[in-house]
Amino acid sequence: MDFLDKLNPPQRAAVTAGNGPVLVVAGPGSGKTRVLTQRIAYLIAEEGVRPWQILAVTFTNKAAKEMQERVKRLLPDQAIEGIMLGTFHSICARILRREAEHLPIESNFVIFDSDDQERIVKSVIREMNINEKLYRPASVHAAISRAKNELIRADSYPTTTYKDEIVKRVYGEYQKRLVASNAVDFDDILVYTARLLEELPAVRDKYAQRFRHVLVDEFQDTNLAQYSLVQQLASHHKNIFCVGDPDQCFPTGTQIQTSNEKKKIEDLKKGDEILAASGRGSTMTSRISHVGKRAFKGNLVKAVTRKGHIIRATPNHIVFSRLGMNPGLHYVYLMYRKDKGYRIGIASHARSDGSQLKIGLQVRSNQENATKMWVLKVCKDRGEAHYWEAFYSTTYGIPTTVFHVRGRRMRMSQEYIDKLFNEIDTDSNAHQLMTDLGMDLRYPHYTPQGTFRNIVNLRYFGDGRITEESPWHAHRVDLWSSDPKLAKQLEALGYNPRIRSRNNWRIGINRLQYEDIQEAAQKLSEATDDAEIVVGAFLVDKGKSPLAPKFS
């Protein structure tokens, strides 16, 4: 249990909390997932809970894999054998196959992906002689998906407009065809399980009695179906442990542009129309669907634009921003490479690579084939940068040594550099550093692009076209690679790799809705051995901006 010694008081209190419902709310980078995994280890090692009595759920395969690896580092394999740990979809699929006798499908059901689902919707629309230009299959399918996530059946789909009537008709026929094919879509996996647990007490009690503790990561992202699931599974012992981010909020007094005038944010209400970004410098009116208010104690983050406008928000806000090109400033950075770990270093704001002026982090990452980089401190001169480099390195035990000699004359050989990074736990040390700075490892300030590794690029408003059918710029996912084996692997899964040059190929996907493009990015990432998803947005007309945390 020595891992408890490395926790700060609030983290330790959460990990060692007693029985009953526990909600841990903290900003990005504060160690919430670490708390959840150490809670699992604590329950097994200290409270005597059997591993098969623990259910831990998260949202992505990558997050589930990381959670599993963290638990394995804390306890031996035999101590954690039998834990049910995975995504909502993977866990629910296992339950459905065991309980198929209660379902309209057989236990060997197939799971249709988003392309299969959209093809069925398109087929139904055509057979019903519905105008595809007015009622696009992707839009109708998105409406069906939203209804399922709210646990709304086809026969009870609410109809207030003619489009609602169309969606209801297509929804009913779509569902019949899934059942006839002994198939489910991604939403059905959750919906069937939620209904199974709610409508059959014997099935619910079997699982609710087994799982003494239910733990949920990223709780703020749960929809109604997922919330219903965890509520049913924790209904017997009442031991539910959830970690999540607080709402990203603007303070009272913030001026919001409505369709007619500016209003204070606290005066807005559901149904009001406000001006919203629609991509590439354009805007459109959008109707407010939900209003929430929450008390906040702490310091706000302040951003000042070039024109002097001031934006204040809670510190957990993740924003779209671009790195500057000011040669007079210096970054203290945290660099990561998968086969080495983390190191700390210094880079100029802007630096020449011999032919042109480039962002300093870009030059540094190219020199060492870095995977991602975070800015720990922005300094006015190099002396201040050296101070903070030494401070962070000494305080947190993270080397400043480069990853590779690369032919340079150095006092330390490559053999000793590798030995240094192998023997220092830079992962844990870097996680602690980022936690203390209130930063998030999920959102680096700079991620190198290129085909030496596979990256899934998710770009909100990435499509340059606007049409009557697409009143805002659609969102886009792209994968570039030079790996012919991967191209064949993805082609077998239904993707269409298009050759860009003799050595490179690309996969591109467009979707109009946020949820759909996020699902497409996650699906492509998982099909590409959990490739990194790099998020950005074409919010303005001068190129894309990456998603990034605040600077120190």
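Student: What makes strand 20 (residues 455–460) and strand 21 count as paired?

Tutor: In this predicted model, strand 20 and strand 21 are joined in the antiparallel sense over 5 bridges. Pairing requires at least two bridges between the strands, so the 5 bridges here meet the criterion. In strand 21, arginine 476 is the bridge partner of arginine 459.

Student: How many bridges join strand 21 to strand 23 (residues 505–511)?

Tutor: There are 7 bridges, and strand 21 and strand 23 run antiparallel. One of the residues involved is histidine 475, whose bridge partner in strand 23 is arginine 511.

Student: Why is strand 21 described as largely enclosed by the rest of the structure?

Tutor: Of the 7 residues in strand 21 (residues 475–481), 5 are buried, and the strand is therefore largely enclosed by the rest of the structure.

Student: Turning to another sheet, in what order do the strands of the 5-stranded open sheet lie?

Tutor: The order is 1-7-6-2-3, with parallel pairing. Strand 1 (22–25) and strand 3 (84–87) are the edge strands, as each pairs on one side only. On average, neighbouring strands of this sheet are turned by 10° against each other, direction ignored.

Student: How do you know that strand 2 (residues 54–58) pairs with strand 3?

Tutor: Strand 2 and strand 3 run parallel and are joined by 4 bridges. The criterion asks for at least two bridges, and therefore this counts as a pair. Within it, valine 57 stands opposite glycine 86 of strand 3.

Student: How many disulfides does a search of the whole structure find?

Tutor: The search finds 0 disulfides. Cysteine 92 is in no disulfide, and the nearest cysteine sulfur, that of cysteine 242, is 15 Å away. A disulfide requires two cysteine sulfur atoms within 2.5 Å, so a separation of 15 Å does not qualify.

Student: Is cysteine 92 called buried or exposed, and why?

Tutor: Cysteine 92 has a relative accessible area of 4%. Buried means under 20%, so cysteine 92 is buried. Cysteine 242 also has a value of 4% and is therefore buried.

Student: Why is the aromatic pair of phenylalanine 219 and tyrosine 227 called tilted?

Tutor: The whole structure contains 13 aromatic pairs. Phenylalanine 219 and tyrosine 227 form one with 6.5 Å centre to centre and 55° between the planes. An angle under 30 degrees would count as stacked and one over 60 as edge-to-face, so 55° leaves the pair tilted.

Student: Which class does the pair of phenylalanine 391 and tyrosine 392 belong to?

Tutor: The planes of phenylalanine 391 and tyrosine 392 lie at 70°, with the ring centres 5.6 Å apart, so the pair is edge-to-face. The rings of Tyr387, Trp388, Phe391 and Tyr392 are linked by ring pairs into a cluster.

Student: What makes phenylalanine 391 partly exposed?

Tutor: Its relative accessible area is 35%. Partly exposed covers values between the 20% and 50% limits, so phenylalanine 391 belongs there. Tyrosine 227, at 39%, likewise counts as partly exposed, whereas tyrosine 392, at 4%, is buried.

Student: What makes lysine 377 count as sitting over the ring of tryptophan 388?

Tutor: The charged end of lysine 377 sits over that ring, 4.4 Å from its centre. The distance limit is 6 Å, so 4.4 Å satisfies it. Arginine 97 lies over the face of phenylalanine 109, at 3.9 Å from the ring centre.

Methods. Residues numbered from 1 in each chain as written. Predicted model: local features only at pLDDT ≥ 70, side-chain atom pairs only at ≥ 80, totals over all residues. Heavy atoms only, no water. Buried < 20%, exposed > 50% of the residue type's maximum accessible area, 1.4 Å probe, protein only. Phe/Tyr/Trp six-rings, centres within 6.5 Å; stacked < 30°, edge-to-face > 60°. Lys NZ or Arg CZ within 6 Å of the ring centre and 35° of its normal. Axes fitted to C-alpha atoms, helices over the stretch in contact; angles between N-to-C directions.
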